[in-house]
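Visitor: Could you walk me through a few details of this model?
Guide: Gladly, let's look together.

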Amino acid sequence: MKIVLFGYGKMGKEIEQIALQRKHEVVLKIDETNIATITASDLKKADVGIEFSTPHSVIKNIHTALDVPLPLVIGTTGWYKQLEDIKTLCKQKNGSLFYASNFSLGVNLFFKVNSYLAELMNKYHDYEISMEEIHHIHKLDKPSGTAISLANQILEKVDRKKNWSITEKKPETLFIKDVREGEVPGTHIVRYTSGIDDIEIMHKAHNRKGFALGAVLAAEFLHNKKGVYTMHDLI
Ligand SMILES: NC(=O)c1ccc[n+]([C@@H]2O[C@H](COP(=O)([O-])OP(=O)(O)OC[C@H]3O[C@@H](n4cnc5c(N)ncnc54)[C@H](O)[C@@H]3O)[C@@H](O)[C@H]2O)c1
């Protein structure tokens, strides 16, 4: 496949390596220095786009891809409040989008464990539930998209939690502690604590390769498909 990279930072560079290993061609690399010069005919040369840019630029890039039209895999997080509008637009334009708050296989398995544990813990009210996410100091959005996915899975299963917050600690609120330190690729912890014991589950990424491989697999999956897809469809 011919791939265009929207965003050529830490993730864009990892994705390029994996894409080349899997015999794809990267025909265009877009970042903040050349985005203004890119035309629709540049983008038409590609089969698929992979978007890992910034929360401020992702929505414009999605619109651009839908207009071309260019199927787009979206890894950038921090825009999900607009997800329903984007899904509607994609349907209107008969476009192709694949989005995931986390493309790693391990995290998507962790999501399933998280949901199952939350379902079990629903009736055990003595356990207080909280979360922690730790990322590198350059990350712009907080909490992480992955933490929001985990929190929503818990809210779906645990009746005593009504919403999540990174600031408020209230009985009906699932508190998410966001930590920014060093070059941490991404760590997520879900804790159930009681006076008697604690239960903790953790996912810790050692590097960015898992995210990059998942994004390239998603691009292969999206090729020749219409509609909006997630990791649920891929796994
Ligand atoms: N979904 C996942 O699995 C996953 C995994 C890791 C990171 N992320 C997310 O991906 C995004 C990028 O992460 P990163 O670590 O590569 O960031 P980064 O800061 O290293 O790179 C961002 C890149 O975007 C470019 N950019 C800025 N404005 C742009 C524009 N208008 N159009 C195109 N490119 C533009 C920058 O020049 C830079 O090359 C973040 O939102 C991060 O949270 C998602």
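Guide: Let's start with Asn102: leaving aside neighbours within four places in sequence, Asn102 is in contact (heavy atoms within 4.5 Å) with Val107, Asn108, Thr146, Phe211 and Met231. This is a predicted model, where local features need pLDDT of at least 70, side-chain atom pairs count only at pLDDT 80 or more, and totals for chains, interfaces and linings use all residues. Residues are numbered from 1 along each chain as its sequence is written, and side-chain values use heavy atoms, leaving out hydrogens and water.

Visitor: Is Asn102 buried or exposed?
Guide: Buried means under 20% relative accessible area, exposed over 50%, and partly exposed in between (1.4 Å probe, protein chains only). Asn102 has a relative accessible area of 6%, so Asn102 is buried.

Visitor: Which side chain does the side chain of Asn102 join in a polar contact?
Guide: A polar contact is a pair of N or O atoms within 3.5 Å; within protein, one must be able to donate a hydrogen and the other to accept it, and residues adjacent in sequence count only if both atoms are side-chain atoms. At 3.1 Å, the partner of Asn102 is Thr146.

Visitor: Which element gives the most to the largest nonpolar core?
Guide: Such a core is a set of buried Ala, Val, Leu, Ile, Met, Phe, Trp, Tyr and Cys residues joined through side-chain atoms within 4.5 Å. The largest has 26 residues, and Phe103 is among those touching the most other members. With eight residues, the top contributor is H7.

Note on methods:
Helix = DSSP H or I, 4+ residues; strand = E, 2+ residues; numbered from the N terminus.
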